[in-house]
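Please open the model in your viewer and keep the selection panel at hand. The tour begins in the interior and then moves outward to the whole chain.

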Amino acid sequence: MATHRVLIGILYTDEQEFKQCLASIQVQVNVTIDHFVISGRKNLEAHDQLYERFNESADEFGWFLKMDADMVFRTPTALDTMLGYFHKNPELDHLMVDVFDWPSQMLIPGQQLYSNRVRWTGNRGGAASVVDYHGIYPGKSIRIPAKPAPLTDHMPNPSPFQAFAYGVHKGVKAIQPKEPNKEFDRALLHWTILNRIYVAYKHQSDIRRLYALVGANLVFRSQTPELFVDYKSEELCEFFSKEVLQTSGDALEREAETWENQTYNNIRWLLRFESA
């Protein structure tokens, strides 16, 4: 039956885990899956296209899963476990399961599965940095922040630029530049992720985590941080290749020392959050 099928929409912008992502989808058991890939689009445009496809497919599929190309299911039963919540809760329309974020080594929100009752009307007029906008649905929403989460790994093997862009992305979300109605709790989440990236670097000195922190610092220092909303632009990629990759490891370490003094760093963030 069509109502037992899952349509997975994958957003792809050169993530290094893309093949792992596809392979982890192909081995899922006890579920019938179709998938499509959206690539070569800017962030908001890609999300608009994703949700438009979901809207158009409501008669063909029972559920819709949004999956970034840097997400990898941990087990062949991951999707079946998520669907179990819908089977037990007929009124459930939206499920978010926290994922394990490799850069920060923490559980973060989240992989989202929707019933075919959900409809998306677009992000027009919303905050520029919020492209993953909410759908409209009659039923319930559940978030799973602990066991059985994580069912999915996020960015388990990022490329150097991918890690840098992640830091830029988190930096933008942590200060919400030019947004008239800033959301402190949302900003705090992304600031916490950045701090945990630094803690993870201190325990597991992978240079890609330094690249992420450099990306966030770039946003914080900029007079026009709103320009970084397109955090995977060609200009930013060129900057990374010419400037960041050419920087010595010692210089990157000094750049990351900003994160060592937690009190100073929190003040730096709060001032930037208020002024950006």
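In this predicted model, first select Val-6, Ile-10, Leu-65, Met-67, Leu-79, Leu-113 and Phe-164. These residues touch the most other members of the largest nonpolar core, which comprises 66 residues.

Next, centre the view on Leu-79. Which residues does Leu-79 touch, leaving aside those up to four places away in sequence? Its contacts are Val-6, Ile-8, Gln-28, Val-31, Ile-33, Leu-65, Phe-73 and Leu-113. Val-6, Leu-65 and Leu-113 are thus partners of Leu-79 and also appear among the core members selected at the outset.

Now select Ile-38, Tyr-51, Phe-64 and Tyr-133. They are among the 14 residues of another core, which lies apart from the largest one. In soluble globular proteins, nonpolar side chains tend to be buried together.

Switch to a cartoon of the whole protein, where nine helices and eight strands can be traced. Among contacts between residues at least 6 apart in sequence, 76% join residues at least 24 apart.

Zoom out to see the overall dimensions. Along the principal axes, the C-alpha atoms fill a box of roughly 60 × 40 × 35 Å. The radius of gyration is 19 Å, in agreement with the value near 19 Å that a compact globule of 276 residues would have.

Finally, display the surface. Its accessible area is about 13300 Å², and carbon and sulfur atoms account for 51% of it. Buried residues make up 51% of the 276 residues. Colour the charged side chains: 29 are positive and 35 negative, and the centres of the two sets lie 3 Å apart.

Terms used
Residues are numbered from 1 along each chain as its sequence is written. This is a predicted model: local features need pLDDT of at least 70, side-chain atom pairs count only at pLDDT 80 or more; totals for chains, interfaces and linings use all residues. Side-chain values use heavy atoms; hydrogens and water are left out. Helices (H or I, at least four residues) and strands (E, at least two) are DSSP runs, numbered from the N terminus. The radius of gyration is taken over C-alpha atoms; the globule rule is 2.2 Å times the number of residues to the power 0.38. Buried means under 20% relative accessible area, exposed over 50%, partly exposed in between (1.4 Å probe, protein chains only). Contact means heavy atoms within 4.5 Å. Accessible areas come from the Shrake-Rupley method with a 1.4 Å probe; for residues, only the protein chains shown count as cover. Lys and Arg count as positive and Asp and Glu as negative; His and the chain ends are not counted. The place of a charge is taken as NZ of Lys, CZ of Arg, CG of Asp or CD of Glu. A nonpolar core is a set of buried Ala, Val, Leu, Ile, Met, Phe, Trp, Tyr and Cys residues joined through side-chain atoms within 4.5 Å.
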